[in-house]
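Student: Please take a close look at the side-chain contacts in this model. I care most about charges and rings, with the cut-offs stated.

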Amino acid sequence: MKFDPQARCAARPDLIYDDTLPINLRRAEIAKAIDKNQVVVICGETGSGKTTQLPKICLELGRGLHGLIGHTQPRRIAARATATRIAQELKSELGRYVGFKIRFTDRVSNETYIKLMTDGILLAETQTDPLLRQYDTILIDEAHERSLNIDFLLGYLKQLCAKRRDLKIIVTSATLDAERFSKHFNNAPVIEVSGRLYPIQTRYRPWQEQKDGDLNDAIVDAVSEAHREGPGDVLVFLPGEREIREAADALRKHAFGKNAAGLEVLSLFARQSAAEQARVFTGHQGRRVVLATNVAETSLTVPGIRYVIDSGLARVKRYSHRNKIEQLQVEPISRAAASQRAGRCGRVSAGVCFRLYEEDDFNKRDAYTEPEILRSSLAGVILRMKSLHLGDVEDFPFLEAPPPRMITDGYTLLTELGALTTPPPDLPRRAGEATEMPLARDVKAKR
């Protein structure tokens, strides 16, 4: 794609900002930081507006004229929904000024300034465009999720900074762990933006302490309590599709009374079709309960939510070093993830978050979600890095490098399987590092 900066400048869409969003109150400060620095870290709570407003701030600064403003999301559903929202704000059809590219779908045209995509798409593009010349700005959104793709991109972009001095990089995080990202990019400036628009009340309703100790009964009780509080929709966070189906059955069988007349129960998870996912974002009458996995924690804003019911659980991929397999396990979420979930109900009015676990349980949880690279098989990571030509895992500038023991185990397994013919590197063990890696069940019990 060729870019004519003068023509693109003349054809730029009009930009309108919603000053009720917290990030727009600091628009001038953010624009100045982006203009003066190659890398900027924006730390904004849920509801700050960073996902939709930052690309517009970049466009106003003159970015997007010599290349695209690349804007990554961890999930396809978020990439599509965010592109749709920004296009609406620019009063254009999707695929014109704002496009998106996800697996099997490419809605980008010659008029496009802002391109939404998944982390995996941008990572794949490094194979045909190593210097990412088609972009003059790259925005890595929801970096706190620390998926493998995000960690690969953060390391790749750090290496790219010296080769592309004209490239602007913006990293956003919804948690207060922004200092780690700043240090990774040589102490890049950090701007923190408040996000919650309305107060949120937290109520602890541990389901294990209820009469029969059933999670679905606790969800039904919490939905009933929400209906007694007043109007507004309910967002329920559950670990997976099976739990969503079971909760939906329980809700549909329960008689909530006149306050819940016309109650609609919808689900939201990554494997749904685009049409099924779109139902959650359409207008409706009556009351609605949305049962979602952690896809609704960040980026996606389900409209009309006033109540959140948090099971405190998520399905997490974890590698078993004894069995040499990766497993999807249901585990307690971190405090940061719980805060993200609670923040979903403070967008339209004062909200209430029902946590279906004890307050002591919450306080004992990890502060942040463990990065995927520290709970994955390094054998798979090594092979993927070789296929992406990212170099050796031991030399790659990860945000948080895996322990040498994990790297050695990964190489050893690949050698045993005949996938590699070179011997594993002789890496020094870190002080205090265990000779044996913890089993998945030991990690779970520790939590």
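Tutor: Start with Glu 243 and Arg 315: their side chains meet in a salt bridge, at 2.7 Å from N to O. A salt bridge here is a side-chain nitrogen of Lys or Arg within 4 Å of a carboxyl oxygen of Asp or Glu. The model is predicted: local features need pLDDT of at least 70, side-chain atom pairs count only at pLDDT 80 or more, and totals for chains, interfaces and linings use all residues. Residues are numbered from 1 along each chain as its sequence is written, and side-chain values use heavy atoms, with hydrogens and water left out.

The Glu 243–Arg 315 pair links distant parts of the chain. Glu 243 sits in helix α9 (residues 241–253) and Arg 315 in strand β14 (residues 313–320), 72 residues apart. Helices (H or I, at least four residues) and strands (E, at least two) are DSSP runs, numbered from the N terminus. Glu 243 has 10% relative accessibility and counts as buried. Arg 315 has a relative accessible area of 30%, so it is partly exposed. The classes are these: buried means under 20% relative accessible area, exposed over 50%, and partly exposed in between (1.4 Å probe, protein chains only). The areas come from the Shrake-Rupley method with a 1.4 Å probe; for residues, only the protein chains shown count as cover.

By the salt-bridge rule, the count comes to 29. Another of these joins Arg 85 to Glu 89, at 3.1 Å from N to O. Both residues lie in helix α4 (residues 76–89). They are four residues apart, about one turn of the helix. Arg 85 counts as partly exposed, at 42% relative accessibility. Glu 89 is buried, with a relative accessible area of 15%.

Next, Arg 146 and Glu 400. Their side chains meet in a salt bridge of 3.6 Å, N to O. Arg 146 lies in the loop between β6 (135–140) and α6, and Glu 400 in the loop between α13 and α14, so the pair ties together parts that are 254 residues apart in sequence. Arg 146 is buried, with a relative accessible area of 5%. Glu 400 is partly exposed, with a relative accessible area of 24%. This pair belongs to a wider group: salt bridges link Arg 146, Asp 151, Arg 180 and Glu 400 in a network.

Now the rings. A search of the whole structure finds five aromatic pairs. Rings of Phe, Tyr and Trp (its six-membered ring) pair if their centres lie within 6.5 Å; planes under 30 degrees apart count as stacked, over 60 as edge-to-face and the rest as tilted. Phe 152 and Phe 398 have ring centres 6.0 Å apart and planes at 40 degrees, so this pair is tilted. It links distant parts of the chain: Phe 152 is in helix α6 (residues 148–161), and Phe 398 is in the loop between α13 (378–387) and α14 (404–417), 246 residues apart. The C-alpha atoms of Phe 398 and Phe 152 are separated by 7.1 Å.

Phe 398 has a further partner. Phe 396 and Phe 398 form an edge-to-face pair: 4.8 Å centre to centre, with 65 degrees between the planes. Ring pairs thus gather Phe 152, Phe 396 and Phe 398 into a cluster. Phe 152 is buried, and so are Phe 396 and Phe 398. For Phe 398, the relative accessible area is 8%.

Two residues deserve a backbone check. Phe 104 is not a glycine, yet it has a positive phi of about 75 degrees. Phe 104 lies in the loop between β3 (98–102) and β4 (105–107). Phe 104 is exposed, with a relative accessible area of 78%. Asn 186 also has a positive phi, near 55 degrees, in a residue other than glycine. Asn 186 lies in the loop between α7 (178–184) and β8 (190–193). Asn 186 is exposed, with a relative accessible area of 63%.

Last, the surface charge. Glu 209, Glu 358, Glu 359 and Asp 360 form a negative surface patch. Patches are made of residues with over 30% relative accessible area and no salt bridge; like charges are joined within 9 Å, and nonpolar side chains (Val, Leu, Ile, Met, Phe, Trp, Tyr) within 5 Å. Lys and Arg count as positive, Asp and Glu as negative; His and the chain ends are not counted. The place of a charge is NZ of Lys, CZ of Arg, CG of Asp or CD of Glu. Of the patch members, Asp 360 lies in helix α12 (residues 359–364).
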